[in-house]
Structures are given as structure tokens and as C-alpha cells.
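Morning, everyone. Please bring up the model and keep the sequence beside it. I will go through the fold, the spaces and a few side chains.

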Amino acid sequence: MHRRTAILVALFALGGFTVASQVYLLREFLGLFGGNELALGTVMGLWLLLSGCGAWLARTFPVRKGKESFSLFLLFILSVLPVLTLFKLGLWRTDLLPYGSMAGIWQIFSASFLALIPVCILNGFLFVLLTSLLQDQDKPHAPGRAYSMESLGGLAGGALVNFILLWHLPTFVSLRVLLVLFVSFLAICTYFFFQWRGTVI
């Protein structure tokens, strides 16, 4: 029961943090590339493609032992990647394009690919890994429940960003708020995974 609760909380947190981070990364990409539709389509397409590659990696090279500990480790890594990506995009804003110029398709594609690959690969990998953990506990309904919890988290994260954070806080302050919330969810997951005995279930 404790393990199942931890997995569901982790899926909720993954969905919320991913959607919230996606909003800020898209805003930064649009600022970097001049806000055109080609940039938006390229970024969104790469986001889906790279997340699918992460899911494929999780299915092709499944984790056999210590899945709980490994998933927590990856979740903590994911918590800092959007901030690092935004720093990278901020540096590229001054170095990638001369002032007054517009990015071409190759610049948009290569910059988006390099910036998104860590976040998206890890996101796709984690979703499949957490779903496989849930399947060990609730085999018949695991995929549906995993999608439901991740989607519910995405809805909550999107609402938090669009209705509160974007209106009241700067980007990096908002990301710190999201980081605190995400780590709080991870602390709950860690508590349930390790329980009172101090050992992984």
C-alpha cells in the first residue's frame, strides 16, 4: 500500500513538474527564436519525439533491480534540469544569434535538440519506469492509473503556472517555487518507499 501510494504521488509530481517546466521553456525558446510558429512547432515536435525516445529506452533496457531507489534518483536529477536548461538558453540568447538576425531552421532544430534532450529523455524514461513499478502493485489497471495521475498532475501544474505564477513572479523565482513543491512531493515518495525501517521496500 505504501509503495503504491508513493508511485502515484511520484506520477502526479512528474506530470505537474513537466507541464510547468514546459511552459517556461517554451516561453524562453520563443524569446530566443523571435516567437515564430516554426520555432514553436519544432520545439513541440522535438519534445514529443525525445520523450518517446526516453520511453523506448525504458522499455528496451528495463531496470531489473533497485527500481524504487533508481526512480527517486532520476526524479531528483529531473528537478534541476529545467533550471539548467533555462540558464543555457539565456547564454545562447547572446551567443547564438547576432543582434537583429533571425534564426534559420537548422539553428532552431539544433539548439532545441541539444537543450531538450536531457529533460525529455529523462521524462519519458521516468514515466515508463514508474508505470512498471505501479504494474507490480496493480497489474490490471496500472497503465490507466499511471496516465490518469500524470495527467492530473499536468493539469494542476499548468493551472498553477498559468493562473498564479506567471502573473505574480519572475521566471527563476517561479522555478524555485516549483522546485520546492516537486522536492516536497519527492520527500513524500521517499518516506513511503523507505517507510519506518530505513530500507528500500
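A definition to begin with. When I say helix, I mean a DSSP run of H or I with at least four residues, and the helices are numbered from the N terminus. And one caution: this is a predicted model.

Now the fold. The protein chain has six helices and zero strands. Along the sequence the pattern reads α-α-α-α-α-α. The chain has 201 residues, and buried residues make up 43% of them.

Let's go to the pockets. The largest pocket has a volume of about 620 Å³. Its lining takes in 29 residues. Nearest the centre of the largest pocket are Ala 55, Gly 124, Phe 127, Val 128 and Thr 131.

Which helix supplies the largest share of that lining? H4 does, with nine residues. H4 spans 105-137. It is joined by H1 (2-33), H2 (37-60) and H5, and each of these four helices gives at least two residues to the lining of the largest pocket.

What about the chemistry? The lining of the largest pocket divides into 13 nonpolar residues, twelve polar and four charged.

Next, the second largest pocket. Its volume is about 160 Å³. Here 13 residues form the lining, and Gly 16, Phe 17, Gly 157, Leu 181 and Phe 185 sit closest to the centre. H1 gives the most to the lining of this second largest pocket, with five residues. H1, H5 and H6, which covers 171-194, each supply at least two. How does the lining of the second largest pocket divide by residue type? Ten are nonpolar, three are polar and no residue is charged.

Now the enclosed space. How many cavities of 30 Å³ or more are there? The count comes to one. The largest cavity has a volume of about 50 Å³. Its lining is Phe 17, Thr 18, Ser 21, Trp 47, Leu 78, Pro 82, Val 119 and Asn 123. Note Phe 17 there: it is also among the residues closest to the centre of the second largest pocket.

H1 provides three residues, the largest share of the cavity lining. H1, H3 (67-95) and H4 each supply at least two. By type, the lining of the largest cavity has five nonpolar residues, three polar and no charged.

Let me turn to H5. H5 runs over residues 142-168, 27 in total. From first C-alpha to last, H5 reaches 38 Å, close to the 39 Å expected at 1.5 Å a residue. Where does H5 bend? At Val 161, by about 40°. Val 161 is also one of the buried residues of H5. The others are Ala 142, Ala 146, Gly 153, Gly 154, Gly 157, Gly 158 and Leu 165. You have met Gly 157 already, by the centre of the second largest pocket.

On to the aromatics. The structure holds five aromatic pairs. I will show two.

Trp 56 and Phe 61 make an edge-to-face pair, 6.3 Å centre to centre, with 85° between the planes. Are these two residues buried or exposed? Trp 56 has a relative accessible area of 52%, so it counts as exposed. Phe 61 has 53%, so it is exposed too. The cut-off for exposed is over 50%.

The other pair is Trp 106 with Phe 109, and this one is stacked: 6.2 Å centre to centre, 25° between the planes. Both lie in H4, three residues apart, about one turn of the helix. Why does that spacing matter? An α-helix has 3.6 residues a turn, so residues three or four places apart point the same way. Trp 106 is exposed at 62% relative accessible area, whereas Phe 109 is partly exposed at 37%. Together with Phe 113, Trp 106 and Phe 109 form one aromatic cluster.

One last residue: Thr 42, in H2. Thr 42 counts as buried because its relative accessibility is 12%, and buried means under 20%. Thr 42 and Ser 112 are 70 residues apart in sequence, yet 7.7 Å apart in space, C-alpha to C-alpha.

That's the tour.

Note on methods: Residues numbered from 1 in each chain as written. Predicted model: local features only at pLDDT ≥ 70, side-chain atom pairs only at ≥ 80, totals over all residues. Heavy atoms only, no water. Expected span 1.5 Å × (residues − 1). Bend = angle between axes of the 7 residues up to and from the residue. Buried < 20%, exposed > 50% of the residue type's maximum accessible area, 1.4 Å probe, protein only. 1 Å grid on protein atoms, 1.4 Å probe; cavity = no way out; pocket = protein on both sides within 12 Å on 5 of 7 lines; lining within 4 Å. Points joined across faces, edges and corners; volume = space filled by probe spheres on them. Nonpolar A, V, L, I, M, F, W, Y, C, P; charged D, E, K, R; others polar. Phe/Tyr/Trp six-rings, centres within 6.5 Å; stacked < 30°, edge-to-face > 60°.
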